[in-house]
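Biologist: Please take a close look at one part of this model for me. I would like to hear about its pockets.

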Amino acid sequence: MTKTAARRDVPALAVRPLPAPPPVGGRGRRRLSDQLRAYGFLLGGLVCFALFSWYPAIRAVVIAFQKYTPGSPPEWVGTANFTRVLHDPEFAAAWRNTLTFTLLALLIGFAIPFVLALVLNELRHAKAFFRVVVYLPVMIPPVVSALLWKWFYDPGAGLANEALRFVHLPTSTWSNGADTALVSLVIVATWANLGGTVLIYLAALQSIPGELYEAAELDGASLLQRVRHVTIPQTRFVILMLMLLQIIATMQVFTEPFVITGGGPENATVTVLYLIYKYAFLYNDFGGACALSVMLLVLLGAFSAVYLRLTRSEGDA
């Protein structure tokens, strides 16, 4: 057989024409339709944020410069509300109690979750059970939790003093004493918010490469040295973020003083948020309440700006 005949026996490959590209106008309309559909899904959330978050915040800033009483037209008074609030004797007490509460919460409620996370991370058995136990207080409604601790702190038949009597220790006035009330509320807040912080720390600990601990053990590092030179440096960003978030959250404490102590005794637990409540719903002074809210907003906005700056810097790194 000749080469020419062999080439004739090979079937020719069918060459299919390439599909024509879609028209540019059709592609643009399809992209616009997809974007409109996405914004349609977001519309419900945007409306809720606008009605229940953005509008009240903007309205509060406006009322802070007005004399506002329900049922009567508002009257523009400039900075008179801020001046009146600043000269209120409870103003200094509220800020002092709030800052003291925040400091105590950092000292008491910041180290305990980290230590518990370290312990849970080292467990070999029943990890899931202890995680549920630690997270259980978060699942209890805050008001129910506060009422439970109010009974717990009862100076007469409360469980706290009963436990102290059982081990032959002196009892305490707990939330009924001016010297111990704020610390008692810090313990309540720490217990109620412990679970979420522990789980975040636990997730950060489990992301640390095990080779770092093995190298530290080979160098003869003790447990405390491994925590100091490996664990803390590897989780420093999470620690800093949770510290800022805790400062923002604790400066808005309200449920515990409202339910357990009512701001007492002797204004020892009046916080800024509780004072805002008193201005609005006890004094019927919405202008003063909004002026105090704006002050708190500015301070918390500064902490939030630091938080966003740090998260952005970590993301860029």
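How do the residues of the lining of the largest pocket divide into nonpolar, polar and charged?

Modeller: A caution before the answer: this is a predicted model. The lining of the largest pocket divides into 18 nonpolar, 9 polar and 1 charged residues. The space inside comes to about 550 Å³. The lining has 28 residues, and A189, A192, N193, A249 and T250 are the closest to the pocket's centre. Helices supply much of the wall. At least two lining residues come from each of α4 (89-109), α6 (127-139), α7 (142-152), α9 (181-192), α10 (194-206), α13 (236-250) and α14 (255-261).

Now set the second largest pocket beside it. Its volume is about 390 Å³. Its lining counts 17 residues, with N121, E122, Y213, L223 and R226 nearest the centre. Two or more lining residues come from each of α5 (111-122), α10, α11 (210-218) and α12 (223-234). Of these, α12 gives the most, with 5 residues. By class, the second lining has 8 nonpolar, 4 polar and 5 charged residues. Helix α10 is on the list for the largest pocket and on the list for the second largest.

Last, the setting. The protein has 16 helices and 2 strands. Of its 317 residues, 33% count as buried. The exposed surface is about 20100 Å², and carbon and sulfur atoms supply 68% of it. Among contacts between residues at least 6 apart in sequence, 65% join residues at least 24 apart.

Methods
Residues numbered from 1 in each chain as written. Predicted model: local features only at pLDDT ≥ 70, side-chain atom pairs only at ≥ 80, totals over all residues. Heavy atoms only, no water. 1 Å grid on protein atoms, 1.4 Å probe; cavity = no way out; pocket = protein on both sides within 12 Å on 5 of 7 lines; lining within 4 Å. Points joined across faces, edges and corners; volume = space filled by probe spheres on them. Helix = DSSP H or I, 4+ residues; strand = E, 2+ residues; numbered from the N terminus. Nonpolar A, V, L, I, M, F, W, Y, C, P; charged D, E, K, R; others polar. Buried < 20%, exposed > 50% of the residue type's maximum accessible area, 1.4 Å probe, protein only. Contact = heavy atoms within 4.5 Å. Areas by Shrake-Rupley, 256 points an atom, 1.4 Å probe, with all protein chains shown as cover.
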